[in-house]
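User: I have a model open and would like to understand the labels people attach to it. Could you take me through them and show the reasoning each time?

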Amino acid sequence: MRTEDLTGLPEGVPEALCDEGIAELYPPQAAAVEAGVTDGDSVVASVPTASGKTLIAELAMLSAVQRGGKALYIVPLRALASEKKAEFERWEEFGVTVGVSTGNYESDGEWLATRDIIVATSEKVDSLIRNNAPWIDDLTCVVADEVHLVDDRNRGPTLEVTLAKLRRINAGLQTVALSATVGNADTVAEWLDAELVQSDWRPIDLKMGVHFRNAVNFGDGSQREVQTDRSEKAESALVADALDETDDEGNRGSSLVFVNSRRNAESSAKRLASVTESRLTGDERADLAELAEEIRQVSDADTSDDLADVVAKGSAFHHAGLASEHRSLVEQAFRDRLIKVVSATPTLAAGVNTPSRRVIVRDWRRYDGDAGGMKPLDTLEVHQMCGRAGRPGLDPYGEAILLANDSETMDELFERYVWADPEPVRSKLAAEPALRTHLLATVASGFATTRDALLEFLDQTLYATQTEKSGRLEEVTDSVLDYLHANDFLDRDDGTLKATNIGHTVSRLYLDPMSAAEIIDGLEDGPRGTSKSASASRSRPAAAGSTASADGDEETAGFQTASELAGDATEDDSETDDADTADTGDEFTELGLYHLVCRTPDMYQLYLKSGDKTTYTELNYEHEDELLGRAPTEWQEAEFEDWLSALKTAKLLDDWASEVDEDRICERYGVGPGDIRGKVETAEWLLRAGEQLAQELDLPVVPVRRARKRIEYGVREELLDLAGVRNVGRKRARRLFEAGIESRVDLRDADKSVVLAALRGREKTAERILENVGRQDPSMETVEADSETAAEAA
Ligand code: ADP
């Protein structure tokens, strides 16, 4: 089917597609049009990676807008939201407006109502529904990208419930679900009342194979000799082999290497740097040196230097410990073929939209806490990594290669991945933590007001489609309702379910009810060193299956609902500090409050290494008077270990709020700068939620706010005022303070040469900061003459 024959799209769109080089639809795209995707019909497209799923979504959304409707595109990762928005913005010249939900629903609300296409994560959409965003009612088309992620234990239920709710709010809503090739796409289509488009077609052939000894054995029976000697790992030999082959345009073949941990990504990148370095041109070396410098500037942590060192040689690593600026610099340079090889962890690979001639799946097993050991990756996951191989128009075919050390492993890899079909997706909704959150929200937003109505709503989920007997769902529903009622989040007089005021707040704040209960209890109890703690807290039955988990070396960034929504309640609160000083809450310390929020299931705690146990047990006894609520005893082993993991995480936050250097923190806790930011964002969000709960329940607000601001800026209390000025930050605030400038007022009136000296002679920065603090004459020109002496004096 030719694109110029497409109908129902805004004028000019088919021509623009032709100009982009899309003159002919790919077969799965044509099948989706046949199935009515441009006529408002629902479609599930289950096709391989890189076979043009995005265009199917675009055709659906553009034709919906042309009919006067409004479309929502749900992405699985926050990082992908801005990427997709930028992609869709090319339709603005044809009158189609695009917006991305940034998280602050209050300011988002009205503006998004004017957009034709809105991009958001499923958590964001869920939150918008809970907060009654008015434009939700106007939607006529919803697209779910990577819908197979309903299978994800942590995030799947939110996507599932969100789709069910949207379809309930808007009868006849066109639903377009994009999926990798999965074992049961027909069930997904049945659930969404959609036409199924299923295909194995790919724009370039993919050859999958296994490297063993001196050759790659491909699934199609062909072989490629790749010699490895004992001193060289197969990984290096395969990367070198791809690089030594140039395409018609003289470009060397790049590789993407998947490994199972951050540490492995970093060591692999280091090893591969010696392979790439010797194959660079002079121009490439110069460009890479510049890029490396840019990477070094991003943060002062060791990771910056480590990454810059390998990038200068044409290699890179990519994982959740990196700052997002790092990640995008690496992705762009890999797309520009400047970086020749990237060693990445699998979860993050979802974000790297970068075809590469060769994909090497080096580690096909990963540590799994639940299984207590190494576990093979799912076929679906490995197929998705392999799908990144091959650059359309440049490579004759893509090559995806697994590595084997012996012939038995080779056989296993063929069975498990090369020949195998991907697994079916299965709903994870019946897990208690998921239902706890979603049932409260469903009642609070008035979707269901009786137990029967609730079960009827749940009947519209994939879970119900996949389960013959409804017994399990009823059972969990009842136990969750008991929990919500016992914690005063829900009333159920005469069979009517109604959220209490605090229940409404918890749902709007997007907290797991169990997190809210923990925070409320902690604030009610107070520190153990005070009389408050003697009063018994409200009785709260513990719910089974807390979602709390230690992430250790696992990849979790982008999967934390907490940080996803951290921006939700962003407000300018700089002037509200003194509003409720009646309750100073002096007995609360920062460490105690950080520990409290780190104990909630919404925080991914740091992993407790074997040596850590003694360290944090000691720290626990040292600070036991500050910690809130009742501690488990050492005999309650699992609970006590959770308590210590929370303490370790809290200590990281406390270090950050005490101005400990970023690289020192990275070293002390074995984390990267991206982890620090992730923990800080999550804690900030939880403490902000804590402030609201405290306000409503008449519990101490001031200490919670202080603790929140201190991690927000990463400073001690005396710097809070200064650090809040835009462009100041923790380091500059400290230097200004040391120069005698202790507050915003001081800064506004300060001698310019002192400011300049404290800012190490950076004129532009000084001007910007003075302007931000409201100085009438921020220009530094007048002090130029003094600046050098002043800088010297400092
Ligand atoms: P997926 O989402 O299935 O992984 P994408 O939508 O990202 O794949 O498409 C991969 C690439 O193929 C994109 O660069 C896109 O511009 C290109 N593409 C999509 N459809 C066509 C087409 N019909 N003809 C040529 N190129 C296409």
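**Labels and the values behind them**

Analyst: Happy to! Setting aside residues within four places in sequence, the contacts of Glu195 are Ala35, Ser42, Val43 and Val44. Please keep in mind that this is a predicted model.

User: What makes Ala35 a contact of Glu195, and how far apart are Glu195 and Ala35 in sequence and in space?

Analyst: A contact needs heavy atoms within 4.5 Å, and Ala35 is listed among the contacts of Glu195. The C-alpha atoms of Glu195 and Ala35 are 6.4 Å apart, although 160 residues separate them in sequence. Glu195 itself belongs to strand 7.

User: Is Glu195 buried, partly exposed or exposed, and how do you know?

Analyst: Its relative accessibility is 46%. Buried would need under 20% and exposed over 50%, so Glu195 counts as partly exposed.

User: Which sheet includes strand 7, and how do you know where its edges are?

Analyst: Seven strands make up an open sheet, ordered 3-4-2-5-6-1-7, with parallel pairing. Strand 3 (98-100) and strand 7 each pair on one side only, and that makes them the edge strands. From one strand to the next, the twist averages 15°.

User: How do you know that strand 5 and strand 6 pair?

Analyst: Two strands pair if at least two bridges are found between them. Strand 5 (residues 141-144) and strand 6 (residues 174-179) are joined by four bridges and run parallel, so the criterion of at least two is met. To find one of these on screen, look at Val142, whose bridge partner in strand 6 is Thr175.

User: What packs on the sheet?

Analyst: Helix 3 (residues 53-66) does, touching strand 1 (43-46), strand 2 (71-75), strand 4 (117-121), strand 5 and strand 6. Its direction makes about 170° with that of strand 6. Helix 7 (residues 156-169) lies across strand 2, strand 5 and strand 6, and runs at about 170° to strand 2.

User: Now the rings. Why is the pair of Tyr26 and Trp201 called tilted?

Analyst: There are six aromatic pairs in the structure. For Tyr26 and Trp201, the ring centres are 4.7 Å apart and the planes stand at 50°. Centres must lie within 6.5 Å for a pair, and planes under 30 degrees apart would be stacked, over 60 edge-to-face. An angle of 50° fits neither end, so this pair is tilted. It also links distant parts of the chain: Tyr26 is in the loop between helix 1 (13-19) and helix 2 (27-34), while Trp201, 175 residues away, is in the loop between strand 7 (195-198) and strand 8 (205-212).

User: What makes Tyr26 and Trp201 partly exposed?

Analyst: The relative accessible area is 31% for Tyr26 and 27% for Trp201. Partly exposed covers the range between under 20% and over 50%, so both residues carry that label.

User: And why is the pair of Trp364 and Tyr417 given the name it has?

Analyst: Their ring centres are 6.3 Å apart, within the 6.5 Å limit, and their planes make 70°, over 60, so the pair is edge-to-face. Trp364 lies in the loop between strand 14 (358-361) and strand 15 (365-368), and Tyr417, 53 residues away, in helix 16 (residues 407-418). Both Trp364 and Tyr417 are buried. The ring of Trp364 also has the charged end of Arg365 over it, 4.2 Å from its centre.

User: Two residues share a backbone feature, I hear. What is noted about phi of Ala50 and Asp193?

Analyst: Phi is positive in each, and neither residue is glycine: near 70° for Ala50, near 50° for Asp193. Ala50 sits in the loop between strand 1 and helix 3, and Asp193 in the loop between helix 8 (185-191) and strand 7. Asp193 has a relative accessible area of 61%, over the 50% cut-off, so it is exposed. Ala50, at 47%, stays below that cut-off and is partly exposed.

User: Finally, why is Arg710 called buried or exposed?

Analyst: Arg710, in helix 29 (residues 702-713), has 10% relative accessibility. That is under 20%, so Arg710 counts as buried. Among the residues it touches are Glu590, Tyr594 and Glu717.

Technical notes
Residues are numbered from 1 along each chain as its sequence is written. This is a predicted model: local features need pLDDT of at least 70, side-chain atom pairs count only at pLDDT 80 or more; totals for chains, interfaces and linings use all residues. Side-chain values use heavy atoms; hydrogens and water are left out. Helices (H or I, at least four residues) and strands (E, at least two) are DSSP runs, numbered from the N terminus. Buried means under 20% relative accessible area, exposed over 50%, partly exposed in between (1.4 Å probe, protein chains only). A charge sits over a ring if NZ of Lys or CZ of Arg is within 6 Å of the ring centre and within 35 degrees of the ring normal. Axes are lines fitted to C-alpha atoms, for helices over the stretch in contact, and angles run from 0 to 180 degrees between N-to-C directions.
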